[in-house]
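Colleague: Could you take me through the charged pairing in this one, slowly, and then work outwards to whatever else is worth a look? I'd like the reasoning spelled out as you go.

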Amino acid sequence: MEWTRHLLVVPILLPLVTGALLLLIDESHHTLKALVSLASTVLLLLASVVLTRMANSVPVERGIVSLSYAVASWPAPLAIVLVLDRLSALMLVLVAVIGLASLVFSLARWHRAGPHFHTLFQFLLMGLAGAFLTGDLFNLFVFFEVTLAASYGLLLHGSGAFRVRSGLHYIAINLAASLLFLIGVSLIYGVTGTLNMADLAVRLHAVPAGDRMLLQAGAAILGIAFLVKAGVWPLCFWLPSAYMAAAAPVSAIFVILTKVGVYVLLRLSLLLFGSQAGELTGFGGTVMLWGGLVTVAFATSGVLASQAMGRLAGYSVLVSSGTLLAAVGMGDAAVVSGALFYLVSSTLTTAAFFMLIELVERAREPGADLLAVTREAYGEDGGEDEERDDEEVGVVMPGALAILGVCFGCVALLLAGLPPLSGFVAKFAMLTGMLNLYGLGTPASIPPRTWLLVALVILSGLAALLAMMRSGIGTFWAPLETVVPRVLVVEIAPVAGLLVLCLFLTVKGGAMIEYTEAAALSLHDPSSYIQGVLGPEQAKAVAR
Amino acid sequence: MELTLAIAIGVLTGSGVWLVLRPRTYQLVIGLSLLSYAVNLFIFSMGRLRVGAAPVLGADGSGNPADFADPVPQALVLTAIVIGFATTALLLVVLIAARGLTGSDHVDGRESR
């Protein structure tokens, strides 16, 4: 094994070791803790970029598209295995980018608002990286729980009644979902006798017809656990208030938590119930499609009805989840490719939006906000005044209001999916895939549910535009005496950075679409994934 | 044996679900604990139930490998117990914090009426 293969384990070990080391440093050494945490996150970003290049260097046509790494060097179906392919590499980069942005943002103020922020943050990154890299279901559960445990701590970071109350709901919902996850995993194990995802895809063919019902029940229960995480209607009512309650950098990194649910559903549905699965082909696709459609409709009305910007952003997360789930439910490679582009674009946008909201809220006069809970959520009831002295440190941004306005406008364009930013390219790529089922130029009759999805995707963009215009006018134009907010460079830089990345996605749209197309094609060819994990013989057994 | 275990899991799940749907935080914690017991027993039973089988080998060195209980679900149960224990402990802390901050043990922080 070449040494570069060992890079696969770096995104998990690096945050784990850093998080553990940070525990040993006393809370009074803010700067040292921040520097260690920052260095680790930068290294994580570098490692994931290298891994993406590795994943992208293997040819997609009939080659091995996944690289596997056997932890402790036991052979694949027995051992814990990490698998890298284009999709997981893409998700890793996304985790590192959002992680870096929210970490930098937190350095202005939030990382001192409570103990062990950096440790929890690193553990969250570790759990996320592990969930995206793992090749078996039980480790997925473990990494999922690591992520959740860290997210419980981070959601409560900064304390306050609103945060604790929504934290209670968040924890209760997620504990219940984890129990469903366990039931699903153990049912699948009971039927097939394996937890390795690639091995599972192979053994699925040998499941006797009598046991198939149990297997389907297990897969469905497992799916529900991830649908809760992704926030599909009617399992999503916890999401807007939890995301609104969390501190700004925390809700920014939480945006990627919903994407873990989407990622697992995408991976498992195409690996286990793809075109080779015989009678099980397309299992769950209808549920995801319709669930996604209803979620988009529900979240669109939520976006229009939101008074507070935090809630608006929470519903935008739901719009993005719903659109992705519906696209996954369609199961078509071109649609999935567009959906992956949309995933990247919408994650970057909503993460930037959550951080921007905190800065914009400072420009509002206290009391201008209709919902008192928002102020409570951002800790303006006393907590902030005590920290005013600390805030004087750091470079203050000149012309803050103008820059905030430009960023806000960019977020509005991205959420609405208007040109010239990447939101437009993403939606365009998805819609092209939906309307050209058999490739460009081949006439195809479009089923009504596809038209429904097309209409909902466009309408959700319109709703986002309306809602953003309303809150933008209310914030930037309507107040008679505008309070010029104090914004530090270190706070606006990550927001601007994420938005610049979205611009970059537009400019480099061609290369990005090529990458997502390759990722989608390899997802639709499970035998290549299996070949990467178990070797060529097993893959042939599936492909026949 | 199967019937006893099935009834036990069913009773635990039923009481757990009922308690989770109640409005008090304490009922929520107990409900989630009961549910996790039920799930742990369920995972355990996925390794198939056997009565009177030798743990590894019989006293005379005999033993059919097909008779052994599957160790993987047992390992899974251990992990699930540890994780469930930790998260329940965390939930308890949040519960006490919520009680202190809102002055109510209702899950919404205030009575519904």
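Modeller: Start with A:Asp199, which is buried because its relative accessible area is 5%, under the 20% cut-off. This is a predicted model, by the way, so take every value below as computed from it. A:Asp199 makes a salt bridge with A:Arg203, and their closest N and O atoms sit 3.3 Å apart. Why can these two meet? Both belong to helix α7 of chain A (residues 197-203), and being four residues apart there, A:Asp199 and A:Arg203 are separated by about one helical turn. An α-helix has 3.6 residues a turn, so residues three or four places apart point the same way. Side chains of opposite charge can then pair when their charged atoms come close. The two partners aren't equally covered, though: A:Arg203 has 35% relative accessibility, so A:Arg203 counts as partly exposed, while A:Asp199 is buried.

How many salt bridges does the whole structure have? A search over all chains turns up two. Besides the pair in α7(A), there's the one between the side chains of A:Arg267 and A:Asp85, at 2.4 Å from N to O. That pair links distant parts of the chain, with the two positions 182 residues apart: A:Arg267 is in helix α10 of chain A (residues 248-272), and A:Asp85 is in the loop between β2 (81-84) and α3 (86-106) of chain A. Here both partners, A:Arg267 and A:Asp85, are buried.

Now for the place where the chains meet. Between chain B and chain A, the salt bridge count is zero. Polar contacts go the same way: zero residue pairs, counting those with both residues at pLDDT 80 or more. On the side of chain B that touches chain A, the elements giving two or more residues are α2 (25-45) and α3 (71-102) of chain B. The largest share of that side comes from α3(B), with 15 residues. By type, the residues on that side of chain B split into 20 nonpolar, six polar and four charged. As for area, the two chains bury about 2400 Å² between them, with 84% of that on carbon and sulfur atoms. The contact draws 30 residues from chain B and 25 residues from chain A.

One residue to click on there is B:Thr25, in helix α2 of chain B. Its relative accessibility is 5%, so B:Thr25 counts as buried. Setting aside neighbours within four places in sequence, B:Thr25 touches A:Leu168 along with B:Leu95, B:Asp105, B:His106 and B:Val107.

As for chain B itself, it has three helices and zero strands, running α-α-α from the N terminus on. Of its 113 residues, 33% are buried. Among contacts in chain B between residues at least 6 apart in sequence, 57% join residues at least 24 apart. In helix α1 of chain B (residues 2-20) you'll find B:Gly14, which counts as partly exposed because its relative accessibility is 42%. B:Gly14 and B:Leu35 are 21 residues apart in sequence, with 8.3 Å from C-alpha to C-alpha.

Back in chain A, check the backbone too. Most residues other than glycine have a negative phi, and most peptide bonds are trans. The peptide bond from A:Trp233 to A:Pro234 is cis, with omega near 0 degrees, and A:Pro234 sits in the loop between α8 (209-230) and α9 (238-245) of chain A. Another cis bond joins A:Pro419 and A:Pro420, where omega is about 10 degrees; A:Pro420 falls in the loop between α17 (400-416) and α18 (422-435) of chain A. For a positive phi, look at A:Gly535, just after α22(A), at about 100 degrees. The helix before that glycine, α22 of chain A (residues 526-534), is mostly covered, with eight of its nine residues buried. Among the buried ones are A:Tyr529, A:Ile530, A:Val533 and A:Leu534.

Last, a word on confidence. Chain A has a mean pLDDT of 82, and 86% of its residues reach 70 or more. Two stretches to flag: pLDDT stays under 50 over residues 367-377 of chain A, where the model has 22 contacts beyond four places in sequence. It also stays under 50 over residues 379-392 of chain A, a stretch with 11 such contacts.

Conventions: Residues are numbered from 1 along each chain as its sequence is written. Chains are lettered from A and ligands numbered from 1 in the order in which they are written. Side-chain values use heavy atoms; hydrogens and water are left out. Contact means heavy atoms within 4.5 Å. Buried area is the accessible area (1.4 Å probe) that two parts lose on being put together, summed over both. A salt bridge is a side-chain nitrogen of Lys or Arg within 4 Å of a carboxyl oxygen of Asp or Glu. A polar contact is a pair of N or O atoms within 3.5 Å; within protein, one must be able to donate a hydrogen and the other to accept it, and residues adjacent in sequence count only if both atoms are side-chain atoms. Ala, Val, Leu, Ile, Met, Phe, Trp, Tyr, Cys and Pro count as nonpolar, Asp, Glu, Lys and Arg as charged, and the others, Gly among them, as polar. pLDDT is the predictor's confidence in each residue, from 0 to 100. Buried means under 20% relative accessible area, exposed over 50%, partly exposed in between (1.4 Å probe, protein chains only).
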